[in-house]
Amino acid sequence: MNTLPYFVLIPLAGAFLIVFLNVLTKNKVRVISEILANMITLALFIMTIFMFNKSGMYVIGKWVPPLGINLVLDGLSALMMSIVNLIAFTATLFSINYMRRYTANNYYYALFLLMLAGMNGVLLSGDFFNLFVFIEIASIASYALVGFGTEADELEASFKYMVMGGIASTFILLAIALLYSQFGVLNMAYISKAIANSEFNILLRFTLFLFIAAFSVKAAIIPFHAWLPDAHPAAPAPISAMLSGVVIKTLGLYAMIRVMYNIFGFNGGNMLAYMGLISIMVGGLLALGQMDMKRLLAYSSISQIGYIILGIGLGTKLGILAALFHLVNHSVFKSLLFMNSGSVYHRLGTRNLDEMGGLNKVMPITGGTSLIASLSISGMPPFNGFFSKLLIIIACIQSGHPIFAFWAIAGSIFTLAYYMKMQRYAFFGALKESYKSIKESPFFMSVSMIILAILCLVTSFLLIPQLRDAVLTPAVEVILNADTYKALVIK
Amino acid sequence: MNIFLPIIFNLIVAFVLFITPDWKKPLKVIAPILAFANIVIGVYLLFNPNIPEKYTAWILWDNLTKLVFFFIGFFGLVLSIYSAGFIKKKLNKYFSYFFLTLASAYGIILSANWIVLIIFWGISGITLYLMMQFNSGANLAAKKTLIILGGSDSFLILGVAVLYRLTGSFGILSSTWSMIAFVCIAAAAFAKAGNMPFHIWIPDCADKAPPPVTAFMPASLDKLLGIYLLARIFSIITIPPVVKISVMLIGSITIICAVFMALTQHTAKKLLSYHAISQVGYMVLGIGTGNPLGIAGGLFHMINNSIYKSCLFLGTGQVEKVSKTDHLDKLGGLAKYLPITFTSMLIASFAISGLPPLNGFFSKWLIYQGVLAATAEQYPFLSILCLLAALFGSALTLASFMKLMHALFLGAKKYPKGAEKKFKEKFSLVFPQIILALSCIVLGVFAFDLFIKPMYGNLTLTGLWHPKMAMLLIVVGLVLGALIFLISRIKIRRVKGFAGGEGLRPDMHISGADFYEGIENGQPFKFIYGLAEKKLFDLYEVLKAMAFYVIKLLRYLHNGVLTNYLSWILAGGVIILVVIWFM
């Protein structure tokens, strides 16, 4: 467990090192930050692979909890960490070519690593105050990255994101203050133990509400979603991939699951499931109406997050398994789709579907990977999205909610409809005369997209019993059984 | 040989072709040979199935599967020959998808596991989507097709999930009755086969996609698979009478409505596509009766329809290939340039209209008997209505094919000079048509030996119909006629076409496209056709319009004003607070 702090320290140090090295070289050598960032994200991803099926605690400075700071690794955080660092690696790889269009690359990579450090911190943090600090680190880095292009709409999006994110952060801080006032500790396991032993009084209910509302904003669950359709399209493509792929899941869903299930031991009846149903349908419909490729993808993220919390809200073992599996899958194909849109934008300079058409002829890799991702996210076999859709529907039926299943299916048909719309407008059909000379996206962008497209097929294998027991089942156990988390910290 | 061989073989072929470069010349030869290898493997397996002990629970190998199994290979061969002659660009990709389709079709029928079935089911939808868009402007149609097929795929999942809850297993096993499961699975079958109300993708697909693709998937394989699934669900669940009669009624409505739509079409491929829908109605009607006669009729009709319908599509493809259009107004008099196409299409159109002794007659006859048997059970009145619809539909089918054949092949039509020289039949395009037309005759005459006996052993049929005897009489009649003609030396006088005693002017071409204008313009048909024109019967368009109405509202709410968004957060927060408060 001694490696745990490095997940935070390496990217944090990397961020400062990049800025420092660039100051030394007077911002002349872009390659330094590119290589450094890629090496760091790759190293972190490789490290996470060894974290599966392990659980434990790291105490910082030998100060034992509840007073000291501790980092906790269990099945859920291991799963989340691997996917976060994987997407981070593909995003930095993609950035090598893509970010050439911007200036001040060193700040970009520094902010990127800062955001990564924040997310890893959120996933590992064992006490509430550090949870808050890491959420803020990741959030503030992402505010800056959304506005990185510094055009008018990007700044506006960033501002909206910051205001709403700020409200969420305030809620979190208030909730933590209330908890501290009641129990006098900040350690999550100890608070969980104290809550289990005390009555679920008004103050605790209010605290829980603050947490859920705040994390709903971070996870962009309808009606807390309004920042996302502006922020995700405005960001540079690899950042959109990070935001939709992993940031909303780490800062929003992971934190919400951790607090609700592990700390409060509260499964909320079917409240989350209903929130999910609304998100599925409204997000899907809004995506269907978009002609802006990245906005379409952004609304689609809202809809897909709906599926994840639908599965979690069912509260059954199968439901949570399906939700976590869908979470992993969605990270993969949504990042890929944002990269596809970035690749198109890189060559065509537009996000408007009306202005595209027939791109398969000139950009076969982008077109092919985006077809794979579109079919995956629409739940077409044999890709990974099919299996998560299958599991979610079976879970709905098994838990006795055929209406939920029907709703999920209606949502999936909308999903198919708007991805087919995107395919038709962007990649099939007649190629415009002015685009005849367009080339395939540059090397690293293509590599990154191909990796993710292969993962769209490969992640299906997570359902093979041996792999499932190593990767997904520990995470499900953590969510279903609040005591395992406590037992890790309180010996 | 292992029973999985057909699937694995086709998958490997698909993969290899996908990564090979586009070598056109060798591929044109290799692909039909591979498809032939497929049929050899298939026939060998039919007689020597080797199902490994370990996998017996995963494989279905009954008569229904065997029937479809053989014909998948058959259509694979016939259409690979035609495609090799028809498709010009990216042959490697085309044949890769082609063999992937074959693999998925084998997977669907062999699987005894619902999940495996759904996976292959979805793949066959995706390959159709990809193949439709080969060198054609079928993007919109392809999108619509995949949305409908993918959506039906989702419903299949829902149905299977319900069955799983009932039986606790994903095996295709008999189960207790469940309305949701039946409706969902039947919807998927209807969508694939193109029964109403999920038929809407077929006309668009046929109109825009390359003819070999239309003949391969919507006209043959998709019919086989859709009806296979319907027959399968009828065989594993005991269906209550009220559901049976509902299915029969849906089938009958499909027959009548689609054939009326077909009557008024002005392009050959759309006309055929509405017949493709109408014929599905017969299969659904037959299977819906739930008695052995009706089901046998439905299945036999499925085979027959696939044969003559793909023959008709291939013939139309040949016509379009030489004349660059399939608008009935612009065509005519092609019989002398394309004699083989004309003959085979004539045979196929007689078969689809149910003229004895062709195969279409035999299967329709079985279906009528099945419906008659169903009248003895419950709802006799409704069953008789279904029977009438089927009979009437058959007559209208003949009528609309007279229009088509006249418009394409008969009548005096002048083409621009030089154009006629290009009107030649290509062997690779004609050969498949000959095979299919011959199959129509052979399956009609030897229906007892080729279909009834292998499938059912002995099926008691009421009524008297001996196709071999009838064929013998017809042949004898023809021979006698020819003899009399030759012996008596009747003089033949050929005259040019005339009207009112005067020779025809070039502009007086009677195209046949407006044969049934009277129906189009008479009430109440005019009103109904008007509604159809507005796409009010198109489930997809109606749902789309409704969805976009809601979207407009939602987009109006997302006006970009930050304070509004903040108030939503407040409102959402209050709801959550209330829920938590009272929990």
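Begin by selecting helix α11 of chain B, in which 21 of the 21 residues are buried, so that the helix counts as mostly covered. A residue is called buried here if 20 or more other C-beta atoms lie within 10 Å of its own. Please keep in mind throughout that this is a predicted model.

**Along α11 of chain B**

Keep the selection on residues 268-288 of chain B, the 21 residues that form α11. What span should these residues have at 1.5 Å a residue? The expected value is 30 Å, and the end C-alpha atoms are 30 Å apart, so expectation and model agree. Next, select B:G290, just after α11(B); its phi is positive, at about 75 degrees.

**The whole of chain B**

Now display chain B in full and colour it by secondary structure: 22 helices and two strands should appear. The C-alpha trace spans about 105 × 60 × 60 Å along its principal axes. For 583 residues, a compact globule would have a radius of gyration near 25 Å; the value for chain B is 26 Å, and therefore the two agree. Of these 583 residues, 50% count as buried. Consider also the contacts of chain B between residues at least 6 apart in sequence: 81% of them join residues at least 24 apart.

**Two domains of chain B**

Select residues 239-480 together with 511-536 of chain B to show domain 1, and then residues 539-581 to show domain 2. How many Å separate the centres of these two domains, taken over C-alpha atoms? The separation is 50 Å.

**Where chain B touches chain A**

Bring chain A into view. In this pairing, 41 residues of chain B are in contact with 45 residues of chain A. On the side of chain B that touches chain A, four helices each supply at least two residues: α5 (114-132), α6 (139-167), α21 (539-557) and α22 (562-581). Which of the helices gives the most to this side? Select α6(B), which gives the most, with 15 residues. Colouring this side of chain B by residue type shows 30 nonpolar, eight polar and three charged residues.

**A last stop in chain A**

Finally, select residues 152-183 of chain A, which form helix α6 of that chain. At 1.5 Å a residue, these 32 residues should span 46 Å; the end C-alpha atoms are 46 Å apart, so the helix agrees with the expected span. The tour ends at A:G184, which follows α6(A) and has a positive phi near 75 degrees.

Conventions: Residues numbered from 1 in each chain as written. Chains lettered and ligands numbered in written order. Predicted model: local features only at pLDDT ≥ 70, side-chain atom pairs only at ≥ 80, totals over all residues. Rg over C-alpha atoms; globule rule 2.2 N^0.38 Å. Buried ≥ 20, exposed ≤ 12 C-beta atoms within 10 Å, placed from the backbone. Contact = placed C-beta atoms within 7 Å. Nonpolar A, V, L, I, M, F, W, Y, C, P; charged D, E, K, R; others polar. Domains from an automatic or database assignment. Expected span 1.5 Å × (residues − 1).
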